Amino acid sequence: MEEEGIVSIWLGNFENQDALTAYAEARFQRDENGEPVSSFTQDFFNGDLWPFEPDVFDYEFIGGTSQDPAVVAAPLGETMANALADLYPRGLDQACNAILVVYDYVFEGSRYVPGAPVRFAASIPYSEHFQ
């Protein structure tokens, strides 16, 4: 649900940038009205076309995989990387090379969706970490 000052974070593993882009963007899937729906929203938001404003959604591919959350989150800034590392002090369960974020949104669904290339990691207050 929308909530100002919160960022929801998913981490995953993709073959390359194109695979991440195809998963994150509304290109291939269609809803019942024929509208394009991303695989990401199919997996985590019950196929809602845009359960959040598209301009608050971002994703980054880091190339090599890492179990260090600070490395995976690094493209989005040092403060977000540090905040995620604080939540996972022992590292991630699996190596990741991509991060997807939705700003001003608290995700309350399942952390893990079978077959999805990403897992929900956390919803954190970004105003505390980014100011």
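**Exercise 1. State which elements the buried residues of H1 pack against, and which face they occupy.**

Solution. In this predicted model, the buried residues of H1 have helix H2 (39-44), E4, E5 and E6 as their packing partners.

Step 1: identify the residues. Leu20, Thr21, Tyr23 and Ala24 are the buried residues in H1.

Step 2: look down the helix axis. The buried residues of H1 fall within an arc of 165°, so they line one face of the helix.

Step 3: inspect the start of the helix. There, a side-chain oxygen of Asn16 comes to within 3.1 Å of the backbone nitrogen of Asp18.

**Exercise 2. Give the strand order of the sheet and place H1 on it.**

Solution.

Step 1: write down the order. The open sheet has 4 strands, ordered E4-E5-E1-E6, with antiparallel pairing.

Step 2: find the edges. Strand E4 (57-66) and strand E6 (118-125) are the edge strands, each pairing on one side only. From one strand to the next, the twist averages 20°.

Step 3: examine one pair. Strand E1 (residues 2-12) and E6 run antiparallel and are joined by 7 bridges. Within this pair, Val7 is opposite Ile124 in E6.

Step 4: add the helix. Helix H1 (residues 17-24) packs on the sheet and touches E4, strand E5 (96-105) and E6. The direction of H1 makes about 150° with that of E4.

**Exercise 3. Decide whether Ile99 is buried or exposed, and list its contacts.**

Solution.

Step 1: locate the residue. Ile99 belongs to strand E5.

Step 2: apply the cut-off. Buried means under 20% relative accessible area. Ile99 has 0% relative accessibility and therefore counts as buried.

Step 3: list the contacts. Beyond its neighbours within four places in sequence, Ile99 touches Ile9, Trp10, Leu11, Asp58, Tyr59, Glu60, Val72, Ala73, Leu76 and Met80.

Step 4: check one C-alpha distance. Ile99 and Pro75 are 24 residues apart along the chain, and their C-alpha atoms are separated by 8.7 Å.

**Exercise 4. Classify Asn97 as buried or exposed, and find the polar contacts of its side chain.**

Solution.

Step 1: locate and classify. Asn97 also lies in strand E5. Its relative accessibility is 2%, so Asn97 counts as buried.

Step 2: find the polar partners. The side chains of Asn97 and Asn13 form a polar contact of 3.0 Å. The Asn97 side chain also reaches the backbone oxygen of Gly63, at 3.4 Å.

Step 3: list the surroundings. Setting aside neighbours within four places in sequence, the contacts of Asn97 include Gly12, Asn13, Phe14, Gly63 and Thr65.

Key: Residues numbered from 1 in each chain as written. Predicted model: local features only at pLDDT ≥ 70, side-chain atom pairs only at ≥ 80, totals over all residues. Heavy atoms only, no water. Pairing = 2+ DSSP bridges. Helix = DSSP H or I, 4+ residues; strand = E, 2+ residues; numbered from the N terminus. Axes fitted to C-alpha atoms, helices over the stretch in contact; angles between N-to-C directions. Contact = heavy atoms within 4.5 Å. Buried < 20%, exposed > 50% of the residue type's maximum accessible area, 1.4 Å probe, protein only. Arc of directions from axis to C-beta. Polar contact = N/O pair within 3.5 Å; in protein donor to acceptor, adjacent residues only side chain to side chain.
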